[in-house]
Amino acid sequence: MTESAAAIEVRYAKPQLGEPGPSGRLVKLLGYWCLTALAVSAARIWLPQSADLLQSLWWTGGGLLLGAALLDFLTGRRVLGLEGERKLPGNLALGVRNSAQLMLCNQGQRTLKLLVCDSVPQQLGNSGLPRQALLEPDQEVTIEYTLVPHRRGSAEFGLIEVLADSPWGLWQTRVWLGREQSVKVYPNFLGISSLQALSTEQTLRHLGLHQQQRRGEGMDFRQLREYRQGDSQRQVDWRASSRLRKLISREYQDERDQEIIYMLDCGRRMRAKDGELSHFDHALNGLLLSAYVAIKQGDAVGLQAFAAAQDSSGGQLPPVKGESAINLLLNNVYDLHSGTGSADYSGAAQQLLATHKRRALVILITNLRDEDSSELLTAVRLLTRNHLVMVASLRETAVDRVAQKPIGDFSEAVESAAARDFLRRRARLLQQLQACNVLVVDSRPGLLHQALVQAYWQLKRSGKI
């Protein structure tokens, strides 16, 4: 989405050669030769008449081994004609399996037995490496392996690392092929990709939501069409009906050009895990999918992140609309990470009021707790002066499980009581927010995208935005 879908291709680069080192085979042979010295020593005691012969054979075998090792070193220390390149996807999505390819070509005169590995960044899990390959002269081979990103941001690949055996396999030369590459790891945007070819109605059905039809005030005229059962009389265009001699209705669409600003909490609480993803990554996925639905409706979306990690980039985006808006949003958040500090709701609210004067729907995505009540209520009271405010909070499913778990002993009773008290205080905070005319979305992390889209669509249909 953010880059060309075509793979990134790197031309063959001049290989870099290291110094040859002994292979496992040579080490084993030298070990066996040393062990036979014990047999020669034992023969002097038990078979003195054969000791001299065995000693001669032992020295002869050692000389042959050393001579073979020297000859193999001289003939195999240079690896000529080996070239390689790496092909990567244009971009990667967090937690999604992708395939990478290593292409090797032998343009030399001898057969090469290789052990192939790759310099994969730590933020990417991989399987399928190292791999052995046998290349005849003028032969090419493609090695495919799997990548699974565990962290967003820029992933930096080093050179392809290959161990090339000498002709007799007594030495191995380390060869570095290809070039360094970089690929961006985005939030899981595959959900957006699957929605691009769908209409608004199909998108909502794909997300498991039902679109409620509404016609009347607060709607923009879209087109004329034939009358359908259920259309109100106010929709009938009598002039067009008279001209065409059949009932014609006006079709409306929701008002466009509204602004939606996401306030994204990047504080330490968003680092909590729910499954393989953190609350922060779930929040990004929900933000992106709901923003995409809003963009398809013609609205503009913006972002203000606060309490982010110091090494993060992006997090601030004025409202944008149009086909390129979702790409701008993706590029703005792909390297955004949660920090270790506490969220400053009041400071974030004051910053937003200073930069966004026009009335907008402000969606604050966070992980609420009872101790936030004073500061959070102050922040939303500031925001509601100029904006329509929605607070989307991610539930901690671990606490829900503890509260719902059957009680078996005293320690479990204490844990259950603490969890229930935590949830009760949290519910009271949500009620206080609703009393301040704040819309509240309380969702499990994995279902946040559905909850945000449904809340947005209800506001759209009610004419509040």
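**Exercise 1. Place isoleucine 248 in this predicted model, and decide whether isoleucine 248 is buried or exposed.**

Step 1. Find the element. Isoleucine 248 sits in strand 16, which covers residues 248–254.

Step 2. Check the accessibility. The relative accessibility of isoleucine 248 is 5%. The cut-off for buried is under 20%. Isoleucine 248 therefore counts as buried.

Step 3. List the contacts, leaving aside neighbours within four places in sequence. Isoleucine 248 is in contact with Leu224, Arg225, Glu226 and Tyr227, among others. Its contacts also include Gln235, Val236, Asp237, Ala240 and Ser241.

Step 4. Take one partner and compare sequence with space. Glutamine 235 is 13 residues from isoleucine 248 in sequence. Their C-alpha atoms are 8.4 Å apart.

**Exercise 2. Do the same for leucine 82: find its element, its burial and its contacts.**

Step 1. Leucine 82 belongs to strand 4, residues 82–88.

Step 2. Its relative accessible area is 1%, so leucine 82 is buried.

Step 3. Leave aside neighbours within four places in sequence. Leucine 82 is then in contact with Pro15, Cys105, Leu112, Leu114, Leu135, Val162, Val175 and Leu177.

Step 4. Pick leucine 135 from that list. In sequence, leucine 82 and leucine 135 are 53 residues apart. In space, the C-alpha to C-alpha distance is 9.4 Å.

**Exercise 3. Arginine 269 lies in a loop. Is arginine 269 buried or exposed, and what does it touch?**

Step 1. Locate the loop. It runs between strand 17 and strand 18 (273–274).

Step 2. Read the accessibility. Arginine 269 has a relative accessible area of 14%, so it is buried.

Step 3. Name the contacts beyond four places in sequence. They are Asn367, Arg369, Glu371 and Asp372.

**Exercise 4. Test the span of helix 2 against the expected span, then find what covers its buried residues.**

Step 1. Count the residues. Helix 2 spans residues 48–76 and has 29 of them.

Step 2. Compare the spans. Helix 2 reaches 42 Å from its first C-alpha to its last. That is close to the 42 Å expected at 1.5 Å a residue.

Step 3. Pick out the buried positions. They are Ala51, Trp58, Gly62, Leu65, Ala69, Asp72 and Gly76.

Step 4. Look for the cover. Helix 1 (24–46) and strand 13 (171–177) are included in what covers these residues.

**Exercise 5. Describe the largest nonpolar core. Which elements supply it?**

Step 1. Start with its members. The core has 45 residues, and Tyr262, Leu264 and Ile365 touch the most other members.

Step 2. List the elements that each supply at least two residues. The strands are strand 17 (259–265), strand 20 (300–306), strand 21 (316–320), strand 22 (361–366) and strand 23 (388–394). The helices are helix 6 (279–296), helix 7 (325–333) and helix 12 (448–462).

Step 3. Find the largest share. Helix 6 gives 10 residues to this core.

Step 4. Look for a second core. Another one, of 27 residues, lies apart from this core. Its members include Leu129, Ile160, Val162 and Ala164.

Step 5. Zoom in on isoleucine 365. Leaving out residues up to four places away in sequence, isoleucine 365 touches Tyr262, Met263, Leu264 and Asp265, among others. Ala283, Leu287, Ala392, Leu394, Leu448 and Leu452 are also touched by isoleucine 365.

**Exercise 6. How many cavities of 30 Å³ or more are there, and what lines them?**

Step 1. Count. There are two cavities of 30 Å³ or more.

Step 2. Take the largest cavity. Its volume is about 40 Å³. The lining is Asn367, Leu394, Arg395, Glu396, Val399, Asp400, Phe422, Leu423 and Arg426.

Step 3. Trace this lining to elements. Helix 10 (397–404) and helix 11 (410–435) each supply at least two residues. The largest share, three residues, comes from helix 11.

Step 4. Sort by class. The lining of the largest cavity has four nonpolar, one polar and four charged residues.

Step 5. Turn to the second largest cavity. Its volume is about 30 Å³. Ile260, Tyr262, Ser290, Ala294, Ile363, Leu452 and Tyr456 line it. Strand 17, helix 6 and helix 12 each supply at least two residues of this lining.

Step 6. Sort again. The lining of the second largest cavity has six nonpolar, one polar and no charged residues.

**Exercise 7. Sum up the whole chain: how many helices and strands, and what percentage of residues is buried?**

Step 1. The chain has 12 helices and 24 strands.

Step 2. Of its 465 residues, 47% are buried.

Step 3. Consider contacts with a separation of 6 or more. Residues 24 or more positions apart account for 74% of them.

Note on methods:
Residues numbered from 1 in each chain as written. Predicted model: local features only at pLDDT ≥ 70, side-chain atom pairs only at ≥ 80, totals over all residues. Heavy atoms only, no water. Helix = DSSP H or I, 4+ residues; strand = E, 2+ residues; numbered from the N terminus. Expected span 1.5 Å × (residues − 1). Buried < 20%, exposed > 50% of the residue type's maximum accessible area, 1.4 Å probe, protein only. Contact = heavy atoms within 4.5 Å. Core = buried A, V, L, I, M, F, W, Y, C linked by side-chain atoms within 4.5 Å. 1 Å grid on protein atoms, 1.4 Å probe; cavity = no way out; pocket = protein on both sides within 12 Å on 5 of 7 lines; lining within 4 Å. Points joined across faces, edges and corners; volume = space filled by probe spheres on them. Nonpolar A, V, L, I, M, F, W, Y, C, P; charged D, E, K, R; others polar.
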